[in-house]
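Work through the exercises below with the sequence and the model open. Each task is followed by a stepwise solution.

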Amino acid sequence: MSGPTAPHGVMPGAEPFAFPGGDGPDGRTGVLLLHGFTGTPMSMRPWGEHLAAEGFAVRCPLLPGHGTRWQDCNASTHDQWTATVEQSFDELAADCDRVFVAGLSMGGTLATRLAQVRPDDVAGLLLVNPALLTQRVDAKLLPLLARITPSWAPIASDIKKPGVTELAYPKLPTRAMMQLRGLWAATRADLGTVTAPVIVFHSTEDHVVEPVNSTILLAGVGSTDTTEVLLEDSYHVATLDNDAPTIFAGSVDWIRAHVRAGDDQGTGNAAAEPR
């Protein structure tokens, strides 16, 4: 959905958010959350609030071109998105011993890309319906569409749960979609360089990002520690859908297990060291 906003002003509810770590054993573990294409941090806030309630430090940036007007997205680039992700990661890592990165859809692409360019820093990846490509028929026309029209049919709010609406753009910005395709291509090409542990939660029925994306990602990463969790009762925006509790509880257990494993091995995280 969209809301009234002054030019370039952030829509109410689309703001970035951050929660400090608690005083318990999880307080020095950070989780960076990344929202999807045309979406906002609103889709990640319930997950972030759950992680914060469990004691983790949490941060979720608003990606450039998002949360304002769909026209702004067409003026953004994938380099701007990745730069924002790196900056947010470093801000979170400054107060943490280790940082995990979690993303929905394009957020999953960006999380994977970060693990490729910062392999020594990312403690693990938690991906929900991550995107690497599309098999939609109209996508073949995208290069032409991007030249002749700035927008196309929206992709937001693919949610099975009744009465739940994602705060996202009412149109698909075609030129920004071309930027996303470039990000997909670069990320697919470097999948083998991902060595961090990976858990993928993906919906068996997704009308935006086909489940084959998760199959390709899991088959392509160089990680020796991978986990797949099927979501049987959600569509694309699973963080707001019926299976959200499965994602939230599963991510807490997975993160804690990997922190314990790292501590047992006596390993640190380069992300927490001065750069």
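**Core and annotated site**

Of the 46 residues in the largest nonpolar core, F37, V101 and L125 touch the most other members. A nonpolar core is a set of buried Ala, Val, Leu, Ile, Met, Phe, Trp, Tyr and Cys residues joined through side-chain atoms within 4.5 Å. Apart from this core lies another, of 30 residues, with L51, L104, A123 and F201 among them.

The model is predicted: local features need pLDDT of at least 70, side-chain atom pairs count only at pLDDT 80 or more, and totals for chains, interfaces and linings use all residues. Numbering starts from 1 along each chain as its sequence is written, and side-chain values use heavy atoms, with hydrogens and water left out.

**Exercise 1.** Place F37 and decide whether F37 is buried or exposed.

Step 1. F37 sits in the loop between β2 (29-34) and α1 (45-53); helices (H or I, at least four residues) and strands (E, at least two) are DSSP runs, numbered from the N terminus.

Step 2. F37 has 7% relative accessibility and so counts as buried (under 20% relative accessible area; exposed is over 50%, partly exposed in between; 1.4 Å probe, protein chains only).

Step 3. Not counting residues up to four places away in sequence, the contacts of F37 include H66, W81, M106 and L180 (heavy atoms within 4.5 Å).

**Exercise 2.** Find which residues the UniProt annotation "binding site" covers.

Step 1. The unreviewed entry lists F37 and M106; such annotations may be inferred rather than shown by experiment.

Step 2. They span 70 residues in sequence, yet no two of their C-alpha atoms are more than 5.5 Å apart, so they gather at one spot.

Step 3. M106 belongs to helix α4 (residues 106-117) and is buried, at 0% relative accessible area.
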